[in-house]
Amino acid sequence: MEVEDMKLSITPVQGRFVAEVGSVDLSQPMDDAHFARIHDAFLEHSILVFRGQRLSNEQHIAFSRRFGELEIHTARHWLLPEHPEILVLSNRGEEGTRPIVNGGAYWHSDITYKAKPPLGSLLYALEVPPEGGDTLYADMYAAYASLDDETKARIDDLQAIHRYGDRYQLMAREDKDRPALTPEQLAEVPDVVHPVVRTHPETGRKVLFVNEGFTVGIVGMPEAEGKALLERLFEHSVQPGHVYRHRWQAGDLVMWDNRCTMHRATEYDLRYARAMHRTTVQGDRPA
Ligand code: SIN
């Protein structure tokens, strides 16, 4: 259903999973009533698309902060020195940040390797290639709901191990310029354990909460058996009926609920620039 008033429209673009928010300028201060509409839409849809924005770093941060405190990412070499709340995903780098050529190019939810993974992320496109460099999003409510009853019963009380270091190393093999994480950075991200099925803290809906990027095993299960189960769950999660593809235009801002989605960037021709800024809103401990 489309909801409209003088200042804001919310139009579903892929069933319940994604909505486009129109007639809103995120660079301007927003009153509480309009913010509440956006917040409600975020819980209803999981992914919100805002087209045609022109945001300074301060404005991007200010809008993101309406949702909560912001994360400062462990990999400091990708943070804007003056605005460490902004993670720069650019194959050219920017203002002293390191270029990144394969950032987010695997299915993941952001930072699930922390005890309190983020609530959500707000990715703003500054420059995009003529084709490719899309972002795919998987609906993890749908992934859970569409599992057969036997699998649900098998996984409902399981806990999974999440880790950053392995994924970072794997991506560094493809990107020789990636600096190694320092011992201090690695110490910030020890392994953590989260339920395989979490209940979304605001909607109360059940979510499959494992991701290919950072979930490395199942607590109390032999390694091979745990990996086989995870592989099956990953494959199930990203079947086409659960996935939205965002084709970026410069000026798009996409906000996703990290508690109930996964995402991955797709390939593009590296002769073209792709520059994105991400803020990440802190979340709570999954239960
Ligand atoms: C991310 O993984 O947060 C970024 C995805 C992208 O650059 O498309």
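Student: How many bridges pair strand E9 (residues 159–162) with E10 in the antiparallel sense?

Tutor: First off, this is a predicted model: local features need pLDDT of at least 70, side-chain atom pairs count only at 80 or more, and totals for chains, interfaces and linings use all residues. Numbering starts from 1 along each chain as its sequence is written, and side-chain values use heavy atoms, leaving out hydrogens and water. Strands here are DSSP runs (E, at least two residues) numbered from the N terminus, and two of them pair if DSSP finds at least two bridges between them. For E9 and E10, the number of bridges is four.

Student: Which residue of E10 stands opposite Ile 161?

Tutor: E9 covers residues 159–162, and E10 is its antiparallel partner. Across from Ile 161 in that pairing you'll find Val 193.

Student: Which strands sit at the edges of the sheet with the order E10-E9-E13?

Tutor: It's an open antiparallel sheet of three strands. Neighbouring strands in this sheet are turned by 35° against each other on average, direction ignored (axes are lines fitted to C-alpha atoms, with angles from 0 to 180 degrees between N-to-C directions). An edge strand here pairs on one side only, and the two that do so are E10 (192–195) and E13 (215–218).

Student: Why is one side of E14 and of E16 left without a neighbour in their sheet?

Tutor: E14, E8 and E16 line up in that order as an open antiparallel sheet. E14 (243–246) and E16 (261–265) stand at the edges, so one side of each lacks a neighbour, and the reason is that each has a single partner strand.

Student: Which residue in E16 stands opposite Thr 135?

Tutor: Strand E8 (residues 135–139) runs antiparallel to E16, and five bridges join the two. Thr 135 is also among the residues around the ligand (those with a heavy atom within 4 Å of it). Its opposite number in E16, also around the ligand, is Ala 265.

Student: What is the distance from an oxygen atom of the ligand to an N or O atom in the side chain of Arg 274?

Tutor: Polar contacts here are pairs of N or O atoms within 3.5 Å. His 108 has a polar side-chain atom 3.0 Å from a ligand oxygen, and for the side chain of His 263 the value is 3.1 Å. For Arg 274 it's 2.9 Å.

Student: What percentage of the 260 Å² that the ligand exposes when taken alone does the protein bury?

Tutor: The area comes from the Shrake-Rupley method with a 1.4 Å probe. Residues around the ligand include Leu 89, Asp 110, Trp 256 and Arg 278. Of those 260 Å², the protein buries 98%.

Terms used
Polar contact = N/O pair within 3.5 Å; in protein donor to acceptor, adjacent residues only side chain to side chain.
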